[in-house]
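This briefing sets out selected structural features in a form intended for use at the bench. The topics follow one another from single strands to whole chains.

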Amino acid sequence: MRPVIKIAAVGAVAAMALAGCGSKPAENNAGGGSGTGGAQGSASGKKISACMVLDTGGVDDKSFNENSWAGMQAASKANPNITVKYVPSNSGSDYTPNLTKYAQGGCDTVIGVGGLMGDAMKKAAQQFPKVHFAEIDNSGQGMPNMYGIEYNTAQAGFLAGYLAAGMSKSGTVGTWGGLSIPPVTIYMDGFWEGVQYYNKQKSKSVKVLGWNEKNQKGGTFSGSFTDQNKGKSITQAMVSQGADIVFPVAGASGLGAGAAAAASAGKLNLIWVDTDGCESAANYCKYFISSATKNLSGGVETYLKAAADGTFPTGNYVGTLKDDGVGLAPYHNFDGKVPADLKKEIDQVKADIISGKIKVTSPSQPK
Amino acid sequence: MSQHSVEQVEVAPGEVVTQHLVEVPMSPSRRIGIGAAIVVIGLIAAVLLGKSAGSSSTRFDLNGSGADLTVPTFSVPGTGLIIACGVVIIALGVVQIVRGFGKRALRYVGIAVALLFIVAFLTWAGTEGKQSVQVGSLLQQTLFLATPLILGSMAGLMCEKTGVINVAIEGQMLFGAFAGALFGTIASNWLGLLAAVIIGGLAGALLAVFAIKFTVNQVILGVVINAFALGLTGYLYDAVMANDATSTNQPAVFNPIKIPLLGDIPVVGSLLFNQTIITYLMYVIVIVIDVMLLRSRWGLRTRAVGEHPKAADTVGINVLRLRYRNVILGGCIAGLAGAALTIGSVGQFNKNMTSGQGFIALAALIFGRWTPRGALGASIFFGFASALQTALSLLATPVKIDSNLLQMLPYLATIFAVAGLVGRVRAPAADGEPYVKG
């Protein structure tokens with residue numbers, strides 16, 4: 001039996017090693033110091049080393065990891081005094097070791113990507129009071145050396161909802177999520193509110209399938225951020241109930257909605273989420289009326305700029321429509337199909353949300 | 001009340017065996033227990049659903065999408081139908097308590113109770129009258145979601161009937177999904193299909209070599225292969241697909257093929273006979289396995305090896321070779337299940353896109369008592385529960401249902417079904433036992 005166990009062990013180790021490879025090289029340096037390639041920017045302020053701990057999706061997930069890292073690169077390009085690097089996490093158990101490694105390794109600031117890292121970030125911030133931490137999609141949690149970079153995506157969802165209601169021919173639109181958690185349902189809240197606002201303004205009765213802000217325990221969810229097949233199934237079920245525009249808030253699972261749109265022979269169109277769909281899911285661009293976006297790279301870049309200029313900001317940054325932290329992506333293929341009046345109305349709705357004339361009521365909004 | 005019947009069974013070509021089936025009567029406590037459970041289900045339908053139902057009549061739409069011939073939608077009086085269903089269920093339960101159904105009859109009674117309850121439940125869900133209940137779409141989505149599960153459970157069946165536990169269905173599906181997407185883009189979706197089957201078979205061969213030749217613990221081995229599949233496809237996705245999706249990860253999706261005549265039958269036609277090639281292959285695989293397992297030399301030998309390999313060896317069956325062949329074939333079927341997700345459905349691969357469906361397929365196999373028909377039924381049941389969850393969340397039901405509770409639905413239903421209807425579950429006797437000659 002001995003050799004058998006050995007072989008099994010070797011197999012297991014090989015499998016684990018490959019599983020580890022799943023998210024790209026362990027560490028990466030980019031941007032470099034002054035003179036290596038940051039020709040466009042000019043060095044200013046003090047030299048800082050900024051390090052980013054990514055979540056499990058990997059640096060090219062076409063979503064929040066990639067965009068957060070893009071903000072780091074942009075800041076480094078604009079100001080070569082900012083040195084940047086990142087490390088991916090293969091699972092939730094990597095958060096603390098990665099954070100600790102960077103905090104001890106001479107990083108001036110450690111940026112964590114994703115609200116799931118919250119507890120690990122707080123512990124690290126307590127353990128290393130001299131290092132400045134920042135977390136994307138979470139608040140500063142009251143720590144003096146921690147900065148929260150958050151987004152009020154309900155505002156972006158609101159515009160998406162208004163747009164969907166205005167573009168729907170059947171009078172029924174739909175939205176569904178990956179899991180029933182606040183970062184997902186906040187978009188769905190906004191979408192629902194946007195449709196209700198449209199109905200009130202126009203005395204119409206566009207229906208929303210899949211979510212109702214008044215019933216936070218209901219809603220339609222795929223139960224996964226990876227299961228495309230279920231996403232396709234949900235979207236087709238919505239079409240059978242009459243929806244002609246669907247807003248999936250479910251990462252890769254949401255791509256299944258793209259497959260449903262492709263199979264619908266032009267009956268179904270979509271609004272994408274988080275990033276501009278025509279860039280992150282370009283094969284489905286022709287079905288995307290627009291996208292409800294959050295500007296992760298901008299938030300990170302602004303933070304690093306302020307840090308290099310001398311002071312690490314504390315407290316929270318909340319991205320809103322006002323500072324383009326959240327917004328609606330360009331219409332791309334639908335530019336000619338969205339009526340000019342509707343575009344104008346959406347600009348007006350945006351202005352009204354900024355001025356406070358329209359109140360977004362989602363309970364999941366960052367305070 | 002013991003029943004006795006004689007049956008002629010052809011176990012292999014030319015070998016007819018006379019079987020004397022003696023049905024042992026059910027113990028009174030079990031008989032009454034099952035009857036009481038049925039009565040409770042009936043009461044839930046009649047009282048709970050009947051009372052909370054809305055006042056409108058329920059509109060049903062039996063047409064799925066893509067049907068040429070449609071049947072008109074129709075309305076039924078909500079509360080009346082719900083109570084009627086409940087009363088019939090209660091009556092069946094009372095008959096069971098008083099005199100008991102035979103074993104075979106009880107199975108049909110179980111199915112009837114389940115169907116009546118589902119009718120009552122769907123009627124209840126539509127009694128607010130705002131939307132019609134899309135039964136056609138619900139059934140279409142059931143088959144759509146069940147197809148990979150059915151294929152996955154058949155993959156498991158091939159292995160386990162012959163005595164090798166296959167926990168690696170998930171990983172084999174993931175390999176198949178990846179290969180289907182990659183080769184479907186580079187070459188054509190037909191070659192993608194072939195590649196998925198071959199790569200799935202290779203993953204099956206990996207399982208076979210370690211399980212049969214090196215007699216590694218098969219459950220641990222399965223878990224390792226799953227981790228290996230997740231890691232390798234994830235790595236290859238990053239290395240190959242992520243940066244150049246157009247030329248590596250955009251396979252053409254198989255279009256539905258409508259079978260002449262059969263496809264024109266209203267409701268059933270568009271549901272069963274307007275499907276992709278993978279779904280048709282699934283039909284064929286299920287039928288072939290079901291027939292062959294009971295009526296061919298291969299089937300008899302497979303079952304013998306799974307139950308008592310030593311005895312099979314004694315009569316000259318090459319146990320190891322048969323196991324190799326079946327486990328590799330199982331891997332091929334799992335590869336096809338993976339292809340059903342990419343080139344059969346969404347047209348691109350993403351990391352971990354199987355999302356646990358391989359494990360659900362394994363559960364369906366066990367729930368289906370390691371039989372092809374049972375596994376088929378259980379897979380359809382899981383697919384139905386998943387589709388129902390979506391359909392319910394889209395309807396304005398009389399009582400609001402928590403989305404987390406809905407997510408639980410398939411698993412909750414499994415517990416009830418396993419506890420109440422299936423009874424004792426028995427795996428092939430030599431399942432998971434490596435065979436060492438001598």
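W176(A) stands opposite P248(A), a residue of strand 9 of chain A. The model is predicted, and the points below begin with the surroundings of that strand before turning to the other strands of chain A, its domains, its contact with chain B, and chain B itself.

**Strand 9 of chain A and its partners**

- Strand 7 of chain A, residues 172-177, runs parallel to strand 9 of chain A, and five bridges join the two.
- On strand 10 of chain A, which covers residues 269-274, the pairing with strand 9 is also parallel and rests on two bridges.
- Within that second pairing, N269(A) of strand 10 is the residue opposite I245(A).
- Between strand 9 and strand 10 of chain A the chain passes through helix 8, and the resulting β-α-β crossover is right-handed.
- Strand 9 of chain A spans residues 245-249, and five of its five residues are buried, so the strand is largely enclosed by the rest of the structure.
- In a regular strand, side chains alternate between the two faces of the sheet.
- In strand 9 of chain A, I245(A), F247(A) and V249(A) point one way, while V246(A) and P248(A) point the other way, and all of them are buried.

**Strand 2 of chain A and its partners**

- Strand 2 of chain A (residues 48-53) and strand 3 of chain A (residues 82-87) run parallel and are joined by six bridges.
- One opposing pair here consists of C51(A) and K85(A), the latter in strand 3 of chain A.
- The connection from strand 2 to strand 3 of chain A leads through helix 2 (residues 64-78), and this β-α-β crossover is right-handed.
- Strand 2 of chain A also pairs in the parallel sense with strand 4 of chain A (residues 109-113), over four bridges.
- In that pairing, V53(A) has G112(A) of strand 4 of chain A as its bridge partner.

**Domains of chain A**

- Chain A is divided into two domains, each made of two segments: domain 1 comprises 25-151 + 297-319, and domain 2 comprises 153-293 + 336-355.
- The centres of domain 1 and domain 2 of chain A, taken over C-alpha atoms, are 31 Å apart.
- Where the domains meet, seven residues of domain 1 of chain A are in contact with six residues of domain 2 of chain A.
- The side of domain 1 of chain A that touches domain 2 holds two nonpolar, three polar and two charged residues.

**Contact between chain A and chain B**

- Chain A contributes 45 residues to the contact and chain B contributes 44 residues.
- On the side of chain A that touches chain B, helix 1 (2-21), helix 7 (228-240) and helix 8 (255-263) each supply at least two residues.
- Helix 1 of chain A provides the largest share of that side, with 11 residues.
- By class, the side of chain A that touches chain B has 18 nonpolar, 22 polar and five charged residues.

**Chain B as a whole**

- Chain B contains 16 helices and seven strands.
- Its radius of gyration is 24 Å, close to the 22 Å that the globule rule gives for 438 residues, so chain B is as compact as a globular protein of that length.
- The C-alpha trace of chain B spans about 65 × 60 × 40 Å along its principal axes.
- Of the 438 residues of chain B, 50% count as buried.
- Among contacts in chain B with a separation of 6 or more, 77% join residues 24 or more positions apart.

**A three-stranded sheet in chain B**

- Three strands of chain B form an open sheet in the order 4-3-5, with mixed pairing.
- Strand 4 (74-76) and strand 5 (133-134) of chain B stand at the edges with a single partner strand each, so one side of each has no neighbour in the sheet.
- Strand 3 of chain B (residues 58-61) runs antiparallel to strand 4 of chain B, to which three bridges join it.
- T58(B) has V76(B), in strand 4 of chain B, as its bridge partner.

**E433(B)**

- E433(B) lies in the segment after helix 16 (403-422) of chain B.
- With 15 C-beta neighbours inside 10 Å, E433(B) counts as partly exposed.
- E433(B) and F178(B) are 255 residues apart in sequence, and their C-alpha atoms are 31 Å apart in space.

Note on methods
Residues are numbered from 1 along each chain as its sequence is written. Chains are lettered from A and ligands numbered from 1 in the order in which they are written. This is a predicted model: local features need pLDDT of at least 70, side-chain atom pairs count only at pLDDT 80 or more; totals for chains, interfaces and linings use all residues. Two residues are in contact if their C-beta atoms, placed from the backbone, lie within 7 Å. Ala, Val, Leu, Ile, Met, Phe, Trp, Tyr, Cys and Pro count as nonpolar, Asp, Glu, Lys and Arg as charged, and the others, Gly among them, as polar. A residue is buried if 20 or more other C-beta atoms lie within 10 Å of its own, exposed if 12 or fewer, and partly exposed in between; C-beta atoms are placed from the backbone. Two strands pair if DSSP finds at least two bridges between them. A crossover is right-handed if, with the strands pointing away from the viewer, the path from the first strand over the helix to the second runs clockwise. Domain bounds come from an automatic or database domain assignment. The radius of gyration is taken over C-alpha atoms; the globule rule is 2.2 Å times the number of residues to the power 0.38.
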